[in-house]
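Trainee: I keep meeting terms whose cut-offs I don't know. Can we go through a structure and check each one?

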Amino acid sequence: MSVSSGSPIITPQTLPTWRQKEAEPFVRIEQINKQFGDFTAVNDVSLDIYKNELFCLLGGSGSGKSTLLRMLAGFESPTSGRIIIDGVDMSHVPPWERPVNMMFQSYALFPHLSVEANVAFGLKREGLPNHEVKKRVAEMLDMVQLGHLARRKPHMLSGGQRQRVALARSLVKQPKLLLLDEPLGALDKKLREETQFELMRIQDELGITFVVVTHDQEEAMTLATRIGVMNNGVIVQTAEPHEMYEYPTNRFVAEFIGNVNLFDGTVVTDERDSATIHCADIDSLIYVDHGISCAPNQNVSVAIRPEKIRISREAPTEVNNHVSGIISEVAYMGSQSIFKVRLSSSKEVRVTQPNAQRDSGDRLTWDDKVHLSWDADSSVVLTS
Amino acid sequence: MKQHSLALKLSAGFGFVFLYAPIIALIVYSFNESKLVTVWGGWSLKWYAELFRNDQIMSAAWVSLKIAFISATLAAVLGTLAGFVLSRMRRFRGKTIMAGWVTAPLVMPEVITGLSLLLLFVAMENMFGWPAGRGTTTIVIAHTTFCLAYVAVVVQSRLASMDETLEEAAMDLGAKPVSLFFLITLPMISPAILSGWLLSFTLSLDDLVIASFVSGPGNSTLPMVIFSKVRLGVTPEINALATLMILIVSIAVIAAIVIMRRQNRFQKP
């Protein structure tokens, strides 16, 4: 699907598919349940994934994300619910008949076969003629830049090379849907960053829908078109990366993605476009620029990201959204500094500041008395 | 520290002497010129020549090799199946009993195994007329039964250490269960099956007790012939024969060890 160029008018086609109301989902997961004995691994999950998406399932271990992926691949069959891929009900179709391929966390390369034979394995099962298999294997190995290692056995490759063989092997059959289980988990940091961009390039080039499972929120943020955060077998929020970060809908997501300061309080006033909240930890009232639409005096949490808090020695002029405290910890990170500020209620608040100047003579340090403040649109009120 | 390592060396040396001195003596005496087993009369190969002219021993050796080959092969097939069931099937009724049954021959006194098989064969012959009498067939069945246990144990441990995602990956790439087995699982466990086969081969070749129970007239295995000859007095010929058997068994066992080692190295990514 190519975006029509030259037209400055935003047509529905230029919106990402998942934001279009009438768009047909490519993968539709309908009220999927999976029980292992008494344990519910996946609990009533419904999810739509659209064509050309790079969808990340993000969650800790035991959150059910891997089980969901394994059900998409066909290694587990759902206890109840349906999985529809490209219009066909796949809930109980065996893995060898699904138009889906998977890249395993352990890579699962066949140790007794060469790189070439590993990549050719899937094509040979389709019964393609030999020269066709050869051609496509060579193309795929060139794409992942491993053409020169075609005859090696997997144990003679480095971790990064093995990862690329696994990727080539899962892509060579041109699946409609590619599943990736912790694709970058076993790589070191530098290689991981390179591979992230490589994955995005390949996904863009081939136009295959990707579903990635990861526990690494940074990885999910960089890779994904959309993220689904899972916890205890349930998808707690589905959103685009920036939306997930800026507008988490509950405490779990706010704390799971990035760092956050949470203040517990009660609603004082609640109007259509503003609300005030009283927190025991904070001297002033918290003023937010959006309504909460809840009962008065409801208990809520106010989430404020560390980089959205200003820190200074001078008292701010605003009436609301400020609090004072004493710096209890400072960490200089190069590009930014992290401060931990102890409030009078002994709650610790995390604040990060970019180190914009090389040397700002008056550096904040331990035991300095400081004032913290933030804007009305910087905080998010969470009711659950 | 030094003292410690000396003690270790001494005990290792003692162990080696204890295990191998009798065998070395046997090998040396097989090259003895003298007709008296205990008197050294100079080097000679004449007892080997004598051995190959002895029809009774040669035919017994042929019977033994044939039985060892067939029962090792049967044990490899059945043992692999048993190993699969034990490692792959989640809990099923009677799994514990089956695990016990598979490992029982490893710990059961051979006399009991031999006796119980003999009783079974006799009862079967009375009921169905098969196996008719005792001979090569009954020995093969008996040897298969106890060799199977060794193969099952080796294959089971191999399967347990095998990464199951390999099989999932193969299915994911379009392999149906049958081609999955022949293209992925079998090549992965074949070193275990092969070493199980070699082990079974040597066990069958060595066995005296069970074979004595279940063999019939005219079907004496090599160990049975040796044993009956030794009762009339050890001849240098037997020394030569024993030396050859040690050679065959050592080759098989060393091959089994090498295969298992190579496979382990191969598995490490």
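Mentor: Start with burial: of the 269 residues of chain B, 35% count as buried.

Trainee: What makes a residue of chain B count as buried?

Mentor: A residue is buried if 20 or more other C-beta atoms, placed from the backbone, lie within 10 Å of its own; 12 or fewer makes it exposed, and in between it is partly exposed. So 35% of chain B reaches that buried cut-off.

Mentor: By the way, this is a predicted model, where local features need pLDDT of at least 70, side-chain atom pairs count only at pLDDT 80 or more, and totals for chains, interfaces and linings use all residues. Residues are numbered from 1 along each chain as its sequence is written, while chains are lettered from A and ligands numbered from 1 in the order in which they are written.

Trainee: How do you know what confidence chain B has?

Mentor: pLDDT is the predictor's confidence in each residue, from 0 to 100. Chain B averages 86, and 96% of its residues score at least 70.

Trainee: What elements does chain B have?

Mentor: Chain B has 11 helices and 0 strands. Helices are DSSP runs (H or I, at least four residues), strands are too (E, at least two), and numbering starts from the N terminus. Helix H7 (residues 165–172) of chain B has the highest mean pLDDT, 94, and helix H4 (residues 95–107) of chain B the lowest, 78.

Trainee: Which separations dominate the contacts in chain B?

Mentor: Contact means C-beta atoms, placed from the backbone, within 7 Å. Among contacts in chain B with a separation of 6 or more, 76% join residues 24 or more positions apart.

Methods
Two residues are in contact if their C-beta atoms, placed from the backbone, lie within 7 Å.
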